[in-house]
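The exercises that follow are meant to be worked through with the sequence and the model side by side. Try each task before reading its solution.

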Amino acid sequence: MAGPGTWSLTRAALIILLLPRSLEECGRISSSASIIRLGDAITASCIINQNCSHLGPESQILWKLGAELQPGGRQQHLLDGTQISTITLPHINSPWTLLSCCLLWGDSLQILDQVELQAGYPPSTPHNLSCLMNLTTNSLTCQWEPGPDTHLSTNFTLKSFKSRGKCQTHEEAIPDCIPKDGQSRCSIPRKHLQLYQTMGIWVQAENALGTSVSSQLCLDPMDVVKLEPPTLWGLDPIPEVAPPKPGCLLLRWESWKLSAYIEQKCELRYQPQLGEDSWALVGPLPSRTLQYELCGLLPSTAYTLQMRCIRWPLPGHWSNWSPNLELSTPQQAPIVKLDTWWRQRQLDPRTVEVQLFWKPMPLEEERDQIQGYLVSWRPSGQAGAVLPLCNTTELNCTFHLPSVAWEVVLVAYNTAGTSHPTPVVFLESRGPPLGRLHTIALDPQSLWVGWEPPRPQPWGYVIEWSPGTTGPSSSHKSWKMEHNGSIAGTLLQENIRPFQLYEITVTPLYQDTMGPSQVIYAYSQEMAPSHAPELHLKHIGKTWAQLEWVPQAPELGKSPLTHYTIFWTNTQGQSFSTVLNASSHGFVLHGLEPASLYHVHLMAASQAGATNSTSLTLMTLALEVSELQILLGLFGLLILFTCLCGAARFCCRPRKNPLWPNVPDPAHSSLGSWVPTIMAEEVFQLPSLWDPSMPPITKITVLEEEEKKPGPWESSDSSGTRGLPTLVQAYVLQGDPRAPSIQPQSQPGTSDQVLYGRVLGSPTHPGPGHYIRCDSTQPLLGGLTPSPKSYENLWFQTSPVRTPEPLVPNQEDECVFGPLLDFPLLQGLQVHGMDGLGGF
């Protein structure tokens, strides 16, 4: 089956065969350049000769760059029938593309000619030129960095010449070295070199857009010699000659044979295979050495070692590191301290069973030095006799001893030897006991055990713990030893699981004895209550309900209860709650609504969590008919009482009489607070108001008279008296109006008299008015609505035809009229006529 590529080639061949023969050589493209700098412009022309003139003078020539049509072509017709189309492409942004000249032929484009366009950059200057003299290949190898890609075919050439001194003179050219394609290094064979003679070397880069050269390197080939790495191996120690030293390795190396005549120095580096330690360097080392002892290493540890060499003291380059050499240091006898503890059980009067425990406490960094443990006993009275009791790799051992035995010996061993023996003395319990023992669960994986140190102070403590279900003789107990006798507690973190009951035993250790063991049980983490007490309804009323419950017995592993919370919810979704002490066993819900449904549940809470009980649904009792009637009656009485209080307040409130005028009270008038106004055009020369010889003026009545005929009471003197006033204009009270008014009561035969004054004035006569002084014993008006005088109540003094009648003054007032300006308080009084009394 033909692939897509085969079908494309077939289609292209068919199109070429079907084109008219006259289009094969119809046009050609000429361009300003075929290789340009990336991003530059290019100009191209497409020329169609006269052989294609039968295609029509209006034939359209189009340009394509790659697969895209390019606008901007300028088409011209020459006199000889040739057609030319010229286009300028402002930017060429592709390293390689095709420029096509096309002819619009029918509904399709026919390609007349194509040219290949390349774009790139001139070569940059090569840098970091370096050379090495390789004695293995016997050639001078140089390498460099070519710089960024030019997108064009760039040729590099390594050029060199022989010279003297600092390469200032050019003696003999060395043939150019051409690297392989894509490589940035080249080797000059030994036949073109002259050792111990300087030479100049540089690199030249060249492409279609330009040429660049690197900086020149002047060197002697022997000064850049790079040696091959030496051969490194280890030596096994000979026990007969010298026993192996812990932490030491014996090494030997040999230089490369072709560089044996060259003076050189070497370096050794090593690192442990396990861990992330860095390389440690040792050197300089001589190149000719039979053996070398490397010490200061960790025992029983595998190391990786490497070595390299350099020409010395002459210049040169370091060789590569040698292949890895892996060696392990020999073991040493364990250097360890063993903490021990034991339990004894009497089997019979002559035999006792001992269960011995130990923990290694390495004094140096542990490197799997211990291979096993040996427990032995030396019977008393048998010199040199040692009986092994057990040889094990575990950390405990059980064996039988005679009842008279009181000491055994424990050692740790490996292939290099044994540790210092650790005596284990079985002490009797004769010391003082511990004080108060207590525990605290700090988190699910630890327990804090505390105690009160006894007196005298012990040198240490042994703490044992195991799950509560473990038997007393079980070997699965965990234990630790504290060597500080002054501490008052320790943290247990080994083999602690949450929600587990543990049996903890603490034993004090003294110099020659031990104290009795104290035991306590504790949970590593307590759980929340498994369930809450069940609620029961004891009694219920219309607005209350009494609940009770039976408290649960304490459970092992469960945190003690701290409080209860009761929740109740009505049918409207309103929730209520209250918190009770953990000792409560009942509660009364108050404030419930009659004949209502409630859902109640109880929550029991502790420090570890809370648990809810099952929900209890209850219905309060409904109100009886008699109770409902009593409530309605009380409500009605409340409404009636409210209405009576409102009516009484309304009736007792003072009201104005619409048929009786509101006559101002001179005793409570505010006229006395008026500030007298002195007119600019009138200046009254009046006696002082504070003159003690002036009688007190209490009441001033200003009246205006109407123009009418004089009454029978008017005087007929030449001063021209005026009629009596008909309207009251204003009241002025001398003194503070806010002071309480004290009405003097006139008694018969007393000489205290209250003087009244009435001022008469007329708006129609420009002259001064008259006033009337009255020496009367009648008391001042003290009520809110005093009885008006006959000349004050104007509504009852009119005739049937609404005509005012003349007012006749009361003869009992015994008033005498005088000049108006003689009245002292009229200094600031201005009479405006009838306008101010219209509403009286």
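## Exercise 1: Placing one threonine

Thr97 has a relative accessibility of 12% and therefore counts as buried, since the cut-off for that class is under 20%. Keep in mind throughout that this is a predicted model.

Task: find which strand holds Thr97, and which residues Thr97 touches beyond its close neighbours in sequence, those up to four places away.

Solution. Start with the secondary structure, where Thr97 falls in strand E8, which covers residues 96-105. Next, set aside the residues up to four places away in sequence, and the contacts that remain are with Leu65, Gly66, Val115, Glu116 and Leu117.

## Exercise 2: The chain as a whole

Task: describe the chain by its count of helices and strands, by its share of buried residues and by the sequence separation of its contacts.

Solution. The chain contains two helices and 53 strands. It has 840 residues, of which 36% count as buried. For the contacts, take those between residues at least 6 apart in sequence; 65% of them join residues at least 24 apart. The surface can be added as a last step: the accessible area of the chain is about 50200 Å², and 55% of this belongs to carbon and sulfur atoms.

## Exercise 3: A sheet of four strands

Task: give the strand order of the open sheet that contains E10 and E18, and say which strands form its edges.

Solution. The order is E14-E11-E10-E18, and the pairing is mixed. The edges are strand E14 (185-189) and strand E18 (225-226), each of which pairs on one side only. Strand E10, residues 127-134, runs parallel to E18 and is joined to it by two bridges. To locate one of the bridge partners, look at Asn134, whose partner in E18 is Lys226.

## Exercise 4: Disulfides and unpaired cysteines

Task: state how many disulfides the chain has, then examine the pairs Cys46 and Cys101, Cys131 and Cys142, and Cys167 and Cys218.

Solution. A pair of cysteine sulfur atoms within 2.5 Å is taken as a disulfide, and the count by this rule is seven.

1. The sulfur atoms of Cys46 and Cys101 are 1.9 Å apart, and the two residues form a disulfide. The link is left-handed, with -85° about the S-S bond. Because Cys46 lies in strand E3 (residues 42-48) and Cys101 in strand E8, the pair ties together parts that are 55 residues apart in sequence. Both Cys46 and Cys101 are buried.

2. Cys131 and Cys142 also form a disulfide, with 1.9 Å between their sulfur atoms. The torsion about their S-S bond is about 105°, so this disulfide is right-handed. Since Cys131 belongs to strand E10 and Cys142 to strand E11 (residues 139-145), the parts tied together are 11 residues apart in sequence. Cys131 is buried, with a relative accessible area of 4%, and Cys142 counts as buried at 0%.

3. For Cys167 and Cys218 the sulfur atoms of the disulfide are 2.0 Å apart, and a torsion of about 85° about the S-S bond makes it right-handed. The pair links distant parts of the chain, 51 residues apart, with Cys167 in the loop between strand E12 (155-162) and strand E13 (172-177) and Cys218 in strand E17 (residues 217-219). Cys167 counts as buried at 7% relative accessibility, whereas Cys218, at 35%, counts as partly exposed.

By contrast, Cys102 is in no disulfide, and its nearest cysteine sulfur, in Cys101, is 6.7 Å away. Cys102 counts as buried, at 1% relative accessibility. For Cys645, the closest cysteine sulfur is that of Cys643 at 9.3 Å, which is too far for a bond; Cys645 is partly exposed, with a relative accessible area of 39%.

## Exercise 5: Nonpolar cores

Task: find which residues touch the most other members of the largest nonpolar core, and which strand supplies the largest share of this core.

Solution. The core has 27 residues, and those touching the most other members are Trp342, Leu356, Val375, Phe399, Leu401 and Val408. Strands that each supply at least two residues include strand E26 (336-348), strand E27 (351-362) and strand E30 (396-402). The largest share, five residues, comes from E27. A second, separate core of 25 residues includes Trp144, Phe156, Met222 and Val224.

Conventions
Residues are numbered from 1 along each chain as its sequence is written. This is a predicted model: local features need pLDDT of at least 70, side-chain atom pairs count only at pLDDT 80 or more; totals for chains, interfaces and linings use all residues. Side-chain values use heavy atoms; hydrogens and water are left out. Buried means under 20% relative accessible area, exposed over 50%, partly exposed in between (1.4 Å probe, protein chains only). Contact means heavy atoms within 4.5 Å. Accessible areas come from the Shrake-Rupley method with a 1.4 Å probe; for residues, only the protein chains shown count as cover. Two strands pair if DSSP finds at least two bridges between them. A nonpolar core is a set of buried Ala, Val, Leu, Ile, Met, Phe, Trp, Tyr and Cys residues joined through side-chain atoms within 4.5 Å.
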